[in-house]
Amino acid sequence: MPDNNPPAADVSRRSFLLTSAVMASGAAALAASLAPLRHLGDYVTPEQFLQKYYKELTPAEMQKVLDRITREVEKQYQVRPDVRDYKPMNGVEFVYCLNLTRCIGCRKCVHACVGENNQSRNPEIQYIRVLKMPHGSMDTEKGDHNYAPASVPEKGFFYMPIQCQQCKNPPCVKVCPVKATWQETDGITVIDYNWCIGCRYCEAACPYFARRFNWTRPSIPKERLNPTMSYLGNRPRPQGVMEKCHFCTQRTRQGKYPACLEVCPAGARKFGNVLDPDSEVAYILRTKRVFIQLKEELGTSPRFFYYFDV
Amino acid sequence: MDSIGKTWWVLTGLSVAFLGLCGAFVATSGVAVAHGPAIPLVDTNFISTATARMSAADLIRTGGDISGMECYACHDKKNPPKLKLNAEGDVIVPKEHEDIVMGHGRHHRNNNCFNCHDESNLEALQTRDGRHLKISESPALCGSCHGPTYRDWEAGVHGRTSGYWKRDAGPIDRKVCTSCHNPHSPPFPPRAPAPGPHLLHPNLAKNHTPANPEHH
């Protein structure tokens with residue numbers, strides 16, 4: 001009936017205002033619902049996204065990356081860190097030896113590691129776990145993580161700390177689809193937190209349950225932040241990446257002992273360069289009668305040895 | 001219902017839905033993700049690298065209280081103290097030294113003060129083969145009986161080391177025997193363990209069957 005309804009009357013004033021109001025509020029609501037994208041920068045910045053693979057970075061590009069990480073850490077924690085990319089030393093292969101006769105199960109190593117390596121405190125990420133095991137068995141299935149007696153050691157038990165075994169034949173490296181984790185020449189298997197996609201294949205592949213996933217953004221109180229940081233080591237991790245023990249690269253690649261060794265009250269932990277015949281670890285492997293590699297039948301060939309004496 | 005009415009309903013419905021989302025995002029923005037119960041920060045004693053005790057050498061070096069080592073404040077130099085033994089042949093610790101617990105050796109064989117202390121100079125030590133040592137030279141004294149352990153200690157394998165594994169990068173700090181062992185009662189004393197792991201999903205811990213239920 002075009003004659004009765006001229007085109008101007010097709011859209012009444014009332015319906016125009018109503019349509020406009022609905023459209024405007026709809027558009028505003030759509031924009032608001034996309035608002036969380038504004039915080040995308042907290043998760044990945046364009047600089048981080050466009051960063052090259054670790055092994056392809058030139059020294060100048062690496063320095064830019066380290067400067068960027070320094071800025072990021074300073075912004076988040078108001079602490080100026082000393083971030084460096086420590087390289088493996090020539091003629092060095094690290095080995096760890098742990099004396100099960102001496103370990104008293106006090107868990108000091110666990111917490112020294114957390115402090116040194118800037119692990120998340122809440123939720124809690126720990127690289128070392130200590131198993132309480134009954135005497136007369138090496139079956140880790142019989143181990144208990146949650147022991148809480150008034151004092152340790154308890155009669156009839158021994159304690160077995162387990163952390164990354166720094167395998168010579170690491171299954172975690174094999175399964176990584178993006179080569180974000182690899183073994184360095186000094187034997188340390190490292191992770192590039194800017195390259196990790198968080199698929200957790202490595203966590204599944206590790207027979208020692210040594211790898212940890214950042215389900216949330218790590219929370220570290222700034223007064224407990226360790227400002228001596230390494231790129232492949234203890235710099236604060238973003239959400240959604242894997243992490244694990246890296247033999248304290250920021251310490252050991254400067255010639256120092258790792259933090260878990262420094263804190264052990266019983267002197268059960270020994271670390272050094274196995275290629276140096278005068279090192280403590282070479283002495284242990286040469287002279288101590290009994291030592292085991294955990295789950296050695298898997299062929300992972302750990303660089304972490306458990307031994308007994310007396 | 002005509003087609004215009006339908007469009008109205010769809011548009012209005014969508015708008016309401018988006019407005020709802022908008023409200024929800026505004027309400028939840030700035031709210032931290034719930035992490036479950038707060039985990040207290042660990043006591044800094046558990047991350048301290050201090051040794052289990054202070055040796056005489058540590059006390060002297062750090063300028064600590066060494067009044068307990070000034071024997072001739074009470075004893076007479078010309079008159080070495082006489083040991084009193086009980087019926088079992090164990091030494092009776094005089095009340096002036098009541099803080100000393102005699103517990104060296106499982107068979108009470110090392111129960112004589114002058115097995116290690118020098119009766120002719122109480123501020124010094126003596127070995128069974130007649131060497132006289134300063135009070136701070138415990139490794140040589142202990143090593144005169146504990147040969148294999150002394151050999152391991154010399155190699156850096158028994159006891160605590162700290163500092164640098166790389167010898168040319170920096171100094172290594174070797175702790176002596178009495179930095180960890182009480183010479184009168186050497187077994188390493190029990191201590192309270194640091195807190196255990198807090199699980200991401202605490203309800204798993206309830207279902208967890210400990211390997212040794214009598215300890216829980």
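# Close-up views of a predicted two-chain model

**Figure 1. Surroundings of G143(B) in the predicted model.** G143(B) counts as partly exposed, because 18 C-beta neighbours lie inside 10 Å, a count short of the 20 or more that would make a residue buried and above the 12 or fewer that would make it exposed. G143(B) belongs to helix α3 of chain B, which comprises residues 138-143. E98(B) lies 45 residues away from G143(B) along the chain, and the C-alpha atoms of these two residues are separated by 27 Å. The structure shown here and in the following figures is a predicted model.

**Figure 2. Elements and confidence of chain B.** Chain B holds five helices and five strands, and their order along the sequence is α-α-β-β-β-α-α-β-β-α. Of the 216 residues in chain B, 15% are buried. Among contacts in chain B with a separation of 6 or more, 42% are between residues 24 or more positions apart. The mean pLDDT of chain B is 84, with 88% of its residues at 70 or more. Among the elements of chain B, helix α4 (residues 147-154) has the highest mean pLDDT, 94, and helix α5 (residues 202-207) the lowest, 53. Over residues 209-216 of chain B, pLDDT stays under 50, and the model has 11 contacts beyond four places in sequence for this stretch. For the model, ipTM is 0.82 and pTM is 0.83.

**Figure 3. The open sheet of chain B.** Three strands of chain B, in the order β1-β2-β3, make up an open sheet with antiparallel pairing. Strands β1 (117-118) and β3 (132-134) of chain B are at the edges; each has a single partner strand, so one side of each is left without a neighbour in the sheet. Strand β2 of chain B (residues 121-126) is joined to β3(B) by three bridges, and the two run antiparallel. Within this part of the sheet, Q126(B) is placed opposite H132(B), a residue of β3(B).

**Figure 4. The side of chain B that touches chain A.** Contacts between the chains involve 48 residues of chain B and 58 residues of chain A. Helix α1 (3-28) and strand β4 (161-163) of chain B each contribute at least two residues to the side of chain B that touches chain A. The element that gives the most to this side is α1(B), with nine residues. Sorted by class, the side of chain B that touches chain A comprises 30 nonpolar, 15 polar and three charged residues.

**Figure 5. Helix α2 of chain A.** Which span should the 21 residues of helix α2 (residues 13-33) of chain A have at 1.5 Å a residue? The expected span is 30 Å, and the end C-alpha atoms of the helix are 30 Å apart, which agrees. How far is α2(A) covered? Helix α2(A) is hardly covered, with one buried residue among its 21 residues.

**Figure 6. Strand β12 of chain A and its pairing with β2.** Strand β12 of chain A (residues 304-308) is mostly covered, with four of its five residues buried. Strand β2 of chain A (residues 94-99) pairs with β12(A) in the parallel sense, over four bridges. In this pairing N99(A) is located opposite Y307(A) of β12(A).

**Figure 7. Two cis peptide bonds in loops of chain A.** N122(A) and P123(A) are joined by a cis peptide bond with omega of about 0°. P123(A) is situated in the loop between α6 (108-116) and β3 (129-134) of chain A. A cis peptide bond also leads from V152(A) to P153(A), where omega is near -5°. P153(A) is in the loop between β3 and β4 (157-162) of chain A.

**Figure 8. Positive phi angles at F247(A) and C248(A).** Although F247(A) is not a glycine, its phi is positive, at about 50°. F247(A) is part of the loop between β9 (242-243) and α9 (249-252) of chain A. F247(A) is buried because 25 other C-beta atoms lie within 10 Å, where 20 or more are needed. C248(A), not a glycine either, has a positive phi of about 45°, and C248(A) is likewise in the loop between β9 and α9 of chain A. With 26 other C-beta atoms within 10 Å, C248(A) is buried.

Definitions and conventions:
Residues are numbered from 1 along each chain as its sequence is written. Chains are lettered from A and ligands numbered from 1 in the order in which they are written. This is a predicted model: local features need pLDDT of at least 70, side-chain atom pairs count only at pLDDT 80 or more; totals for chains, interfaces and linings use all residues. Two strands pair if DSSP finds at least two bridges between them. Two residues are in contact if their C-beta atoms, placed from the backbone, lie within 7 Å. Ala, Val, Leu, Ile, Met, Phe, Trp, Tyr, Cys and Pro count as nonpolar, Asp, Glu, Lys and Arg as charged, and the others, Gly among them, as polar. The expected span of a helix is 1.5 Å times one less than its number of residues. pLDDT is the predictor's confidence in each residue, from 0 to 100.
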